[in-house]
Amino acid sequence: MSQAIGWNNFVDTETQAEHRRLRLLERIFDPFSLRQLEGLGVEPGWQCLEVGAGAGSLARRMAELAGPGNVVATDLSLKFLDPLTELGVTVLRHDVTTDEAPGEFDLIHTRFVLDHLPGREDVIKRMASWLKPGGWLLLEIGTTMPELSSHPATRRSMAVLTRVMTERVGTAAEWGRTLPVPLEAAGLVDCAAEGSILPARGGEPLAHWLMNTTKLVEPHALATGLITREQLDEAFALYETPSFVDYTWMTVAARGRRP
Ligand SMILES: C[S@@+](CC[C@H](N)C(=O)[O-])C[C@H]1O[C@@H](n2cnc3c(N)ncnc32)[C@H](O)[C@@H]1O
């Protein structure tokens, strides 16, 4: 088995294709994320941190709720975050696994980042230590569920996506299903979690995003014989077929508060 090299070494995070993939991700998953964020009652003046901000939509919403000067957005790649800086948000190149606390916060949120990180339970402890007393940590984690697929072709392609992400990136595709226990283990209180599973209908944004995400692993999967071109094309054709529906991606949102 080849060694895991991490998200930012496996994925070219600065291409226009990756920007489009992140914008599509935001369009699909922001409504659930915003319900979670707004449910915590963010108010003007709250100090907020968005970790691994990607293309920046959730930090932008935090800025609307809390005031731009109260929001810090971090990532290893800042390529798509200039509009946040222009808004007055503090944008930092910052590695959540190793760098110093970027402040003290009433709310820390991160989506689809810890899934891919080594030592993710230690990262939760790090972020918990950056909270003010009473401050909230809100995590969103993706979990793939190829076993629930409605068709053998997409079951196979989702299983290959999961396997390559696990082996090459270090992604823990099932870890989200353990939440909120890791938040309790980090000493947080009032912990709770909720899963969201959306239908991936052929031709619609989630099906396109699953296809674009599978394309990230395509060169490795083809080169190592995990799947053939024909098998991938069969799955991609289903993702374009309006009568096709699949349920293979769950987002788990989990929250906990510093006592
Ligand atoms: C799958 S993308 C998710 C982007 C964004 N959170 C969203 O949900 O729209 C993962 C993001 O985490 C960032 N990232 C990866 N490792 C990181 C680290 N150690 N510290 C901070 N950000 C990291 C990547 O650069 C990328 O922007």
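In the predicted model, Leu 117 touches Thr 97 and Val 123 once residues up to four places away in sequence are left out of the count. The residue is placed in the loop between strand S4 (105-111) and helix H5 (120-129), and Leu 117 is classed as buried because 21 other C-beta atoms lie within 10 Å, where the cut-off for burial is 20 or more. A further relation links Leu 117 to Val 96, from which it is separated by 21 residues in sequence and by 9.3 Å in space, taken from C-alpha to C-alpha.

Val 96 is also listed among the closest residues to the ligand, together with Gly 52, Gly 54, Arg 111 and Phe 112, within a shell of 20 surrounding residues. By class, this shell is made up of 9 nonpolar, 7 polar and 4 charged residues. At least two shell residues are supplied by each of helix H1 (7-10), helix H2 (16-39) and strand S2 (71-75), and the most are given by H2, with 3 residues. Phe 112, one of the closest residues to the ligand, lies in the loop between S4 and H5. The backbone of Phe 112 has a phi near 55 degrees, a positive value in a residue other than glycine, and Phe 112 counts as buried because it has 20 C-beta neighbours inside 10 Å.

Strand S4 belongs to an open sheet of 7 strands with mixed pairing, in which the order is S3-S2-S1-S4-S5-S9-S6. The edges are formed by strand S3 (90-93) and strand S6 (189-197), each of which pairs on one side only. With direction ignored, neighbouring strands of this sheet are turned against each other by 15 degrees on average. At the S6 edge, the connection to strand S9 (residues 249-257) is antiparallel and consists of 7 bridges, and Gly 195 has Val 252 in S9 as its bridge partner. Strand S6 also contains Asp 190, which has a positive phi of about 50 degrees although it is not a glycine. Asp 190 counts as partly exposed, because its C-beta neighbours inside 10 Å number 13.

The largest nonpolar core comprises 43 residues, of which Cys 48, Ala 59, Val 71, Ala 73, Leu 107, Ile 108 and Leu 137 touch the most other members. Strand S1 (48-51), helix H3 (57-66), S2, S4, H5, strand S5 (131-144) and S9 each supply at least two residues of this core, and the largest share, 6 residues, comes from S5. For Ala 73, the contacts beyond four places in sequence are Glu 50, Ala 53, Gly 56, Ala 59, Leu 81, Leu 84, Val 89 and Val 91. Apart from this core lies another, of 28 residues, among them Val 169, Ala 173, Ala 207 and Ile 227.

One further backbone feature concerns the peptide bond that joins Leu 179 and Pro 180, which is cis, with omega about 15 degrees. Pro 180 is placed in the loop between helix H6 (152-169) and helix H7 (181-185).

Terms used
Residues are numbered from 1 along each chain as its sequence is written. This is a predicted model: local features need pLDDT of at least 70, side-chain atom pairs count only at pLDDT 80 or more; totals for chains, interfaces and linings use all residues. Two strands pair if DSSP finds at least two bridges between them. Helices (H or I, at least four residues) and strands (E, at least two) are DSSP runs, numbered from the N terminus. Axes are lines fitted to C-alpha atoms, for helices over the stretch in contact, and angles run from 0 to 180 degrees between N-to-C directions. A residue is buried if 20 or more other C-beta atoms lie within 10 Å of its own, exposed if 12 or fewer, and partly exposed in between; C-beta atoms are placed from the backbone. Two residues are in contact if their C-beta atoms, placed from the backbone, lie within 7 Å. A residue is near a molecule or strand if its C-beta atom, placed from the backbone, lies within 6 Å of it. Ala, Val, Leu, Ile, Met, Phe, Trp, Tyr, Cys and Pro count as nonpolar, Asp, Glu, Lys and Arg as charged, and the others, Gly among them, as polar. A nonpolar core is a set of buried Ala, Val, Leu, Ile, Met, Phe, Trp, Tyr and Cys residues joined through C-beta atoms within 7 Å.
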